[in-house]
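Me: Here is a model I would like to go through with you. Please take one spot closely, then work outward from there to the rest of the chain.

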Amino acid sequence: MRLKPVAFVVRHACLVLLAFLLMGCQPEAKTDSADVREFLTHYFSTWSAKDMDGYGGCFHEQARIVFVHQGIPQSQGLTDFLHGQKLSHATTAVPMTEVPMEMKILSDERTAQASVRWKLTKGADITLGTDCFTLIKTSTGWKIMSLVFYND
């Protein structure tokens with residue numbers, strides 16, 4: 001009768017050991033990534049330079065964009081979003097620039113999540129906000145799969 005409890009303990013110890021071994025097989029997430037940081041810096045610089053082709057090239061063709069206004073999400077497809085961004089630059093009386101102030105990045109070899117605090121300057125007006133990105137690594141580099149953003 002003593003063998004049953006010992007076998008039970010050994011079996012469970014093996015399962016716990018197996019679980020730890022399998023956790024080691026997962027890709028290691030990096031808390032920062034120079035290539036993701038470079039991509040995000042490029043994203044902001046193309047927008048500020050009114051390079052809408054370069055800006056649009058940062059997005060995956062299936063990307064979704066969500067603007068959160070007063071707690072209510074407003075979702076757009078990529079075509080409508082890019083059109084709105086082009087109109088914003090075309091109709092403003094003063095140039096607009098948007099610069100990243102702080103980036104928090106978590107990535108592995110296939111995907112990345114990033115939270116970026118930014119400052120938008122439009123003449124004397126300054127707006128602060130946050131972009132939350134989900135990125136995917138493609139054969140041509142990082143692309144935005146989803147963007148959720150809001151103003152303070």
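Is Gln70 buried or exposed, and at what relative accessibility?

Reply: The model is a predicted one, and what follows is computed from it. Gln70 has a relative accessibility of 71%. The cut-off for exposed is over 50%, so Gln70 counts as exposed.

Gln70 sits in the loop that joins β1 (59–69) to β2 (72–77). The backbone there has a positive phi, near 50°, although the residue is not glycine. Across the fold, the C-alpha atom of Gln70 is 9.3 Å from that of Asn151, with the two positions 81 residues apart along the chain. Asn151 comes up again below, at the pocket.

For the setting of this loop, the protein has four helices and six strands. Read from the N terminus, the order is α-α-α-β-β-α-β-β-β-β. Of the 152 residues, 31% are buried.

Strand β1, on one side of the Gln70 loop, also contains Glu61. At a relative accessibility of 62%, Glu61 counts as exposed. Its C-alpha atom lies 9.0 Å from that of Thr79, and the two residues are 18 apart in sequence. Thr79 leads to α4 (78–91), where it is one of the exposed residues, along with Asp80, Ala90 and Thr91.

Helix α4 has 14 residues, and its first and last C-alpha atoms are 20 Å apart, close to the 20 Å expected at 1.5 Å a residue. Its buried residues are Leu78, Phe81, Leu82, Gln85 and His89. Seen down the helix axis, these fall within an arc of 95°, so they line one face of α4. Thr79, Asp80, Ala90 and Thr91 are on the other side.

A second case of positive phi in a residue other than glycine is Lys50, with a value near 60°. Lys50 comes just after α2, in the loop between α2 and α3. Lys50 has a relative accessibility of 46%, so it counts as partly exposed, whereas Gln70, at 71%, counts as exposed. Asp51 is in the loop between α2 and α3 (52–56) as well, and at 34% relative accessibility it is partly exposed. This loop can also be placed against a distant part of the chain: Asp51 and Lys86 are 35 residues apart in sequence, and their C-alpha atoms are 9.3 Å apart.

The helix ahead of that loop, α2, covers residues 34–48. Its 15 residues should span 21 Å at 1.5 Å a residue, and the end C-alpha atoms are 21 Å apart, which agrees. The buried residues of α2 are Val36, Phe39, Leu40, Tyr43, Phe44, Thr46 and Trp47. They cover an arc of only 165° around the axis, which puts them on the same side of the helix. Ala34 and Glu38 are exposed and belong to the face turned away from the buried side.

Both helices described above contribute to the largest pocket, which holds about 330 Å³ of space. The elements that give two or more residues to its lining are α2, α4, β3 (96–107), β4 (111–122), β5 (125–138) and β6 (141–151). The lining has 17 residues, and those nearest the centre of the pocket are Gln85, Glu98, Leu120, Phe149 and Asn151. By class, 10 of the lining residues are nonpolar, five are polar and two are charged. Two names in this group return from earlier. Gln85 is among the buried residues of α4, and Asn151 is the residue whose C-alpha atom lies 9.3 Å from that of Gln70.

Cysteines are the last point. A search of the whole structure turns up zero disulfides. Cys58 is buried, with a relative accessibility of 1%, while Cys132 is partly exposed, at 30%.

To return to the spot you asked about: Gln70 is an exposed residue in the loop between β1 and β2, with a positive phi near 50°.

Key:
Residues are numbered from 1 along each chain as its sequence is written. This is a predicted model: local features need pLDDT of at least 70, side-chain atom pairs count only at pLDDT 80 or more; totals for chains, interfaces and linings use all residues. Side-chain values use heavy atoms; hydrogens and water are left out. A disulfide is a pair of cysteine sulfur atoms within 2.5 Å. Buried means under 20% relative accessible area, exposed over 50%, partly exposed in between (1.4 Å probe, protein chains only). The expected span of a helix is 1.5 Å times one less than its number of residues. The arc is that of the directions from the helix axis to the C-beta atoms. On a 1 Å grid over the protein atoms alone, a cavity is a set of points where a 1.4 Å probe fits but cannot get out, and a pocket is an open set with protein on both sides within 12 Å along at least five of seven lines; lining residues have an atom within 4 Å of a point. Grid points are joined across faces, edges and corners, and a volume is the space filled by probe spheres set on the points. Ala, Val, Leu, Ile, Met, Phe, Trp, Tyr, Cys and Pro count as nonpolar, Asp, Glu, Lys and Arg as charged, and the others, Gly among them, as polar.
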